[in-house]
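Here's a quick tour of the model in front of you, starting with its pockets and ending at its metal site. Have the sequence open as you read.

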Amino acid sequence: MEKSYHKLLDNNKKWVADQLSIDPTYFDKLAQSQHPEYLWIGCSDSRVPANQITGTQPGDVFVHRNIANMVIHSDMNMLSVLSYAVEVLKVKHIIVCGHYGCGGVMAAMENKQFGLIDNWLRHIKDVYRLHYKELNSIQDKKQKADRLVELNVIEQVQDLGKTSIVQNAWKREQPLHLHGWVYDVKDGLIKDLDVNFKGTDDLHSVFHLD
Ligand code: CO
């Protein structure tokens, strides 16, 4: 078998040389610290790379990715990323970015067993159940999946707002906006779902934490 991964290491050397030819101090500057303004919570899908699709550079975006861009309250990985991003890096914006054609979302619409991942997909099924009236009114399967992708993003934005990490930041009057976006793998464009959370008032009162 050809060692295809060698190509990645070769690419890396070329990338380093390119960066240094533009700015000889490029890595010296990046090595000092990071001050990203954004936390990106996206899908692990290989077609949705946070930096490339937003025209951002190393140092610009703190990134967390998992299957179907989920914000699950018992996920220590997500919570640790969120806590560090908000409390230490003090990012100003958190973007949950889903994407049309998401395999995780489509699998969650099925009744098949897929194995271990079913436990993860069940959180998406909860979103389906919450919005079943709207979703059941959509006949076309692809349109229904697209809408579930959007609703799932909106729910994940809400779930971010429910965390004590985000609510405590708002209480400190730390500027922190939550956004919900969907990327379209077919044309490369990002749609802003206009779910902008800026404070606890944007959440149902049962989730308000004193
Ligand atoms: Co996906």
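Met70, Val71, Ile72, His73, His123, Asp126, Val127, Leu130, Glu155, Gln156, Asp159 and Lys162 line the largest pocket. On a 1 Å grid over the protein atoms alone, a pocket is an open set of points where a 1.4 Å probe fits, with protein on both sides within 12 Å along at least five of seven lines, and lining residues have an atom within 4 Å of a point. Two elements, α6 (118-130) and α8 (141-162), give two or more residues each to this lining. Helices here are DSSP runs (H or I) of at least four residues and strands are runs (E) of at least two, numbered from the N terminus.

This is a predicted model, so to speak of local features takes a pLDDT of at least 70 and side-chain atom pairs count only at pLDDT 80 or more, while totals for chains, interfaces and linings use all residues. Residues are numbered from 1 along each chain as its sequence is written, and side-chain values use heavy atoms, with hydrogens and water left out.

**The two pockets**

| Pocket | Volume | Nonpolar lining residues | Polar lining residues | Charged lining residues |
|---|---|---|---|---|
| Largest | about 230 Å³ | five | three | four |
| Second largest | about 180 Å³ | eight | one | five |

Each volume is the space filled by probe spheres set on the grid points, which are joined across faces, edges and corners. As for the classes, Ala, Val, Leu, Ile, Met, Phe, Trp, Tyr, Cys and Pro count as nonpolar, Asp, Glu, Lys and Arg as charged, and the others, Gly among them, as polar.

In the second largest pocket, 14 residues make up the lining, and Gly101, Met106, Lys142, Ala145 and Asp146 are the closest to its centre. Both α5 (103-108) and α8 supply at least two lining residues there. The biggest share comes from α8, with five residues.

**Around strand β3**

How many of the seven residues of β3 are buried? Six are, so to say, tucked away: β3 (residues 93-99) is mostly covered. Buried means under 20% relative accessible area, exposed over 50%, and partly exposed in between (1.4 Å probe, protein chains only).

β3 pairs with β1 (residues 38-43) in the parallel sense over five bridges, and Leu39 stands opposite Ile94 in β3. Two strands pair if DSSP finds at least two bridges between them. β3 also runs parallel to β4 (residues 177-183), joined to that strand by seven bridges. There, Gly98 stands opposite Val182 in β4.

Val206 is a handy contrast: this residue lies in the segment after β5 (190-192) and is exposed, with a relative accessible area of 61%. Its C-alpha atom is 26 Å from that of Gly98, 108 residues apart along the chain.

**The cobalt site**

Which residues coordinate the cobalt ion? Cys43 (SG), His99 (NE2) and Cys102 (SG) do, at 2.0 to 2.3 Å. Donors are N, O and S atoms within 2.8 Å of the metal (3.2 Å for Na, K and Ca), and sites may look incomplete because water is not among the atoms. The donor spacing in sequence is C-x55-H-x2-C. Cys43 sits in β1 and Cys102 in the loop between β3 and α5, so the pair ties together parts that are 59 residues apart in sequence.

Cys43 is buried at 6% relative accessibility, and Cys102 is buried too, at 2%. Searching the whole structure for disulfides (cysteine sulfur atoms within 2.5 Å) turns up zero.
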